[in-house]
Amino acid sequence: MKHILSSEQYTKESLQELFDLADKIRNNPKKYAHKLDDKIIAIMFYEPSTRTRLSFSSAALKLGAKIITTENAAEFSSAAKGETIEDTVKIIAGYADAMVIRHKSDTSAIQAASVDKIPIINAGAGKKEHPTQSLLDMYTIKQKIGRLDNLKVAILGDLLYGRTVHSLLKLLSLYDNIKIYGLSKETFSLPQEYIDMLNKKGIEYVKCTNFDELPRDLDVIYHTRIQAERFEGDFGKEEFIVNKEVLDTFSEHTILMHPLPRVIEISTDVDDDPRACYFEQAHNGLYIRMALLLQVLDKA
Ligand code: CP
């Protein structure tokens with residue numbers, strides 16, 4: 001059974017295979033329009049989402065599949081009555097051919113996959129992983145910069161709870177000559193386990209305290225929202241806001257990414273800057289998720 005649970009399961013080769021398939025779908029959508037005609041995809045989101053939920057739904061529909069879903073699964077599925085993730089998957093396996101799950105628990109996707117009756121795709125698990133986001137992030141970097149080796153990448157915002165950052169670092173660590181710069185409020189610093197993971201793979205992690213400490217020739221600035229829903233209390237607002245004035249201190253080749261949604265960390269005055277690629281990044285998710293659905297259902 002093929003599951004997509006963590007970006008750790010990817011290699012350079014399997015990433016390239018995924019990107020090639022996404023490109024083929026993008027270039028010839030008609031060829032893929034009926035690949036999943038006989039399939040039903042269950043979309044179970046226990047946390048809010050715009051991009052991931054709707055792009056997976058759209059991806060399934062564009063491949064000819066049907067979808068079954070529930071609005072706000074935390075409230076309207078039987079999880080609200082105490083049903084476990086495992087029992088839910090055992091039931092859904094009788095109704096659908098694959099399941100996409102987002103849940104507040106770090107272990108949710110692993111629990112779902114432990115049933116091993118239908119492929120499970122992790123669409124965001126607590127603060128730990130959001131592998132499909134990191135796959136589309138890498139696809140976007142490759143598309144915009146043309147390489148995945150020899151990159152200087154700055155990660156900004158919420159490095160503590162930001163699951164997209166955690167998954168992205170695991171994928172970046174597959175490549176050669178990567179340097180990562182982290183800029184966040186102290187409260188939202190990158191956990192030591194990720195610094196250790198990078199160091200173990202020979203990747204230098206430079207913790208920065210202001211924009212001036214970031215090199216001007218960065219390849220990527222990857223900003224993230226403070227994940228206010230993951231902690232109690234008020235730790236204040238984002239201090240490191242990228243606006244036109246800030247972006248213009250970096251190279252004309254530095255791309256600006258964000259998994260979205262943004263709140264205040266990227267100001268709208270950079271939206272039309274050719275370096276800002278977050279909307280394109282979100283659109284790329286459609287092709288990556290179409291490719292993932294084909295792969296887990298052995299229809300690639
Ligand atoms: N990037 C992302 O996961 O967005 P959504 O929360 O809208 O799905």
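This is a short talk about the two sheets in this structure.

First, the background. The model is predicted, so to speak of local features we need pLDDT of at least 70, side-chain atom pairs count only at pLDDT 80 or more, and totals for chains, interfaces and linings use all residues. Residues are numbered from 1 along each chain as its sequence is written, and side-chain values use heavy atoms, with hydrogens and water left out.

Now the terms. Strands are DSSP runs of E, at least two residues, numbered from the N terminus. Two strands pair if DSSP finds at least two bridges between them. In general, strands of a sheet pair through backbone hydrogen bonds, either parallel or antiparallel.

One sheet is open, with four strands in the order 2-1-3-4 and parallel pairing. Which strands stand at its edges? They are strand 2 (66-70) and strand 4 (120-125); each has a single partner strand, so one side of each is left without a neighbour in the sheet. From one strand to the next, the twist averages 15 degrees; the axes here are lines fitted to C-alpha atoms, and angles run from 0 to 180 degrees between N-to-C directions. Strand 1, residues 40-45, pairs with strand 2 in the parallel sense over five bridges. Within that pair, Met 44 is opposite Thr 70 of strand 2.

On to the other sheet. This open sheet has five strands, ordered 7-6-5-8-9, and its pairing is parallel. Strand 7 (204-208) and strand 9 (255-257) are the edge strands, each pairing on one side only. Neighbouring strands are turned against each other by 20 degrees on average, direction ignored. Strand 5 (residues 151-156) and strand 6 (residues 178-183) share six bridges in the parallel sense. There, Leu 151 stands opposite Ile 178 in strand 6.
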